[in-house]
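Visitor: I would like a close look at the salt bridges in this structure. Please start with the chain as a whole, then take me through the charged pairs.

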Amino acid sequence: MVMDIISDRIDVESVRQFSEKDKAYMLQEDRLESFWKYPMNMDAFEAVIEERKKYETDRVLLKTVLEDQYQALGFEFKDRFSIEDDNTFTITTAHQPSLMTGPLYFIYKAVSSIKLARNLKEKYPDYNFMPIFVIGGEDHDFEEINHFRIFGKTVAWDNQGQNGACGRMSLNGMSEVLNQTKEILGTSEHATNLSKMLDSAFGDDTLTYGQATQKFVIELFQNTELTVFSMDDEKLKKAFIPILKKELIEEFSKPLVEQTIEELSNIGLKMQAFPRAINLFYLNEAGRNRIEKNGDVYHILNTELEFTEAELLEDLENNPGAFSPNVVLRPLYQEHILPNLAYVGGGGELAYWLERKSQFEAAGLSYPMLVRRDSVLWFDSTSQNKWAKLGLKQEDWLTEMETLKKAYVLSNSTNEISLAEELEAFNDIINTISGKTESVDKSLLGKIEAEGARIRKSLEGIEKRLQKTEKQKFSQAISQIEKLKERFFPNDGLQERKDNFMAIYLKHGPEFIDVLIDIQDPMKTGLKIVTA
């Protein structure tokens, strides 16, 4: 089936749901220039490629790990980009293993990476560009990843008391999630396809939760060139040992990141991450716990484990999989093991990447271009038609709800219910009275101001009563506006931060990914609009 697609783009400045930091980066404001290494544009990739060539990557190891991971999930890794070739580079995005992919932006990250890689191949045909999605399964904030929302309903996973790295958890309790999800999906053709993929991944109790998520994303994007990858791998961490040692012994990250945070604060942007003296966790049966140094002894918090420096470094050599980078060190790990040119992320992610440049330099690593992933608002044509019939325009979707309702009543009412002119005239009268009084008796000015404020407040109250009475005449239309707004801007936020992709998949099937690849281009910032 061929979808009828209407697409558009709204400028960054017009989207109030984007944060100040996010807008500043998307607009490439001069105040941020010293914090990135490369500007976000296609021409700059020539310099990125030349710089990246100077840094060695163990490509044989990378290919071996990819083959092993795919084989463990029942797939064959098809090395279509020849990752062992020095002319092949990665375009990387990453996310925690959110339940059933979590919010829509999980999908938009993947698609942005695919589209950027394709665009780069057109511009630089002598090179290969491999889009890669890293499943960051070592995080342990279960409450962040244990739920998803579809059709206004939230489905949550009870992991039956497991703790530690989320990606290493078993699938205990997942059968209830699958049952709830299938009940919501129904029995249509697209629902049946989704259910099969969900069962294949999350119904296989031989897999960890991280593996199940990896398998699901591989299957979901099977018709694209996306590679899905986990960095929670002992062989990869062994390759990262030199920088892990540097962090444990020198504690080099904290002062560098703190200095950058201070510089960002000086230009009005608040800190994103909180660096610690040692930005590593220790992973074992007790969970994922911070490593701290007191005097000459290293402690694993919440456990009785203690190490001397020699003992900890010996453990690092023999058991590198137990050492887990936190958010401050994780970007360095990623860039060490991948021949990467660009990191594709959301506004919050790029904010903490902007704190990293000096840290990368100190570690002797290549600092990638930072690319803001696409933001997309996906409408169905029926809802857009309802919106248009109400006399509303596309840009009205972005208007705050109360402002929109007031404007709707004012523009559709046949009665004059605004007292703006009267209030302005009253202010002129008060100013005139104050002017005449000042030269006669200044002590009366306070009384005049107080009386003016009292009357002004009373008039504003009358105006609100008029508007409230008039709103009741439009209650049906306003109710429809509220329902439409809440559906596409839940809690006045962006759809992509709340809703799961499956609601769209049910209507359009896997073709929705092709549509997203077609309309997305992360180098053209703004809010992309799709109506299908």
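Guide: What follows goes from the whole chain to its salt bridges, and then to a few other sites.

Keep in mind that this is a predicted model. The protein chain has 22 helices and 15 strands. Its C-alpha trace spans about 90 × 60 × 50 Å along the principal axes. There are 532 residues, and 54% of them count as buried. Contacts often join remote parts of the sequence: among those with a separation of 6 or more, 76% are between residues 24 or more positions apart. The exposed area is about 24300 Å², with 47% of it supplied by carbon and sulfur atoms.

Now the charges. The chain carries 64 positive and 88 negative charges, and the mean positions of the two sets are 6 Å apart. How many salt bridges does a search of the whole structure find? It finds 31.

Take Lys237 and Glu138. They form a salt bridge, and their closest N and O atoms are 2.7 Å apart. This pair ties distant parts of the chain together, with the two positions 99 residues apart. Lys237 sits in helix α9, residues 234–239. Glu138 belongs to the loop between β3 (128–135) and α5 (142–145). Are these two residues buried or exposed? Both Lys237 and Glu138 are buried.

Next come Asp499 and Arg149. Their side chains meet in a salt bridge at 2.6 Å, N to O. Here too the pair links distant parts of the chain, 350 residues apart. Asp499 is in the loop between α20 (475–488) and α21 (502–508). Arg149 is in strand β4, residues 147–150. Asp499 has a relative accessible area of 13%, so it counts as buried. Arg149 is buried as well, because its value is 18% and the cut-off is under 20%.

A third pair is Glu355 and Arg356. Their salt bridge has its closest N and O atoms 3.4 Å apart. Both Glu355 and Arg356 are buried.

Some salt bridges share partners. In this way Glu138, Arg168, Asp232 and Lys237 are joined into one network. The Lys237 and Glu138 pair described above is part of it.

For contrast, turn to charges on the surface. Glu421, Glu422, Glu424 and Asp428 form a negative surface patch. Glu424 lies in helix α18, which covers residues 420–438. Its relative accessibility is 54%, so Glu424 counts as exposed.

Another acidic residue is Glu451, in helix α19 (residues 445–473). Glu451 is partly exposed, because its relative accessible area is 34%. Its C-alpha atom is 9.2 Å from that of Ile430, a residue 21 positions away along the chain.

Last, two backbone details. Gln28 has a phi near 50 degrees, a positive value in a residue other than glycine. Gln28 is in the loop between α1 (20–26) and α2 (45–52). At 19% relative accessible area, Gln28 is buried. Asp492 also has a positive phi, about 65 degrees, and is not a glycine. Asp492 is found in the loop between α20 and α21, where Asp499 is also placed. Asp492 is partly exposed, with a relative accessible area of 29%.

How values were computed:
Residues are numbered from 1 along each chain as its sequence is written. This is a predicted model: local features need pLDDT of at least 70, side-chain atom pairs count only at pLDDT 80 or more; totals for chains, interfaces and linings use all residues. Side-chain values use heavy atoms; hydrogens and water are left out. Patches are made of residues with over 30% relative accessible area and no salt bridge: like charges are joined within 9 Å, nonpolar side chains (Val, Leu, Ile, Met, Phe, Trp, Tyr) within 5 Å. Accessible areas come from the Shrake-Rupley method with a 1.4 Å probe; for residues, only the protein chains shown count as cover. A salt bridge is a side-chain nitrogen of Lys or Arg within 4 Å of a carboxyl oxygen of Asp or Glu. Lys and Arg count as positive and Asp and Glu as negative; His and the chain ends are not counted. The place of a charge is taken as NZ of Lys, CZ of Arg, CG of Asp or CD of Glu. Helices (H or I, at least four residues) and strands (E, at least two) are DSSP runs, numbered from the N terminus. Buried means under 20% relative accessible area, exposed over 50%, partly exposed in between (1.4 Å probe, protein chains only). Contact means heavy atoms within 4.5 Å.
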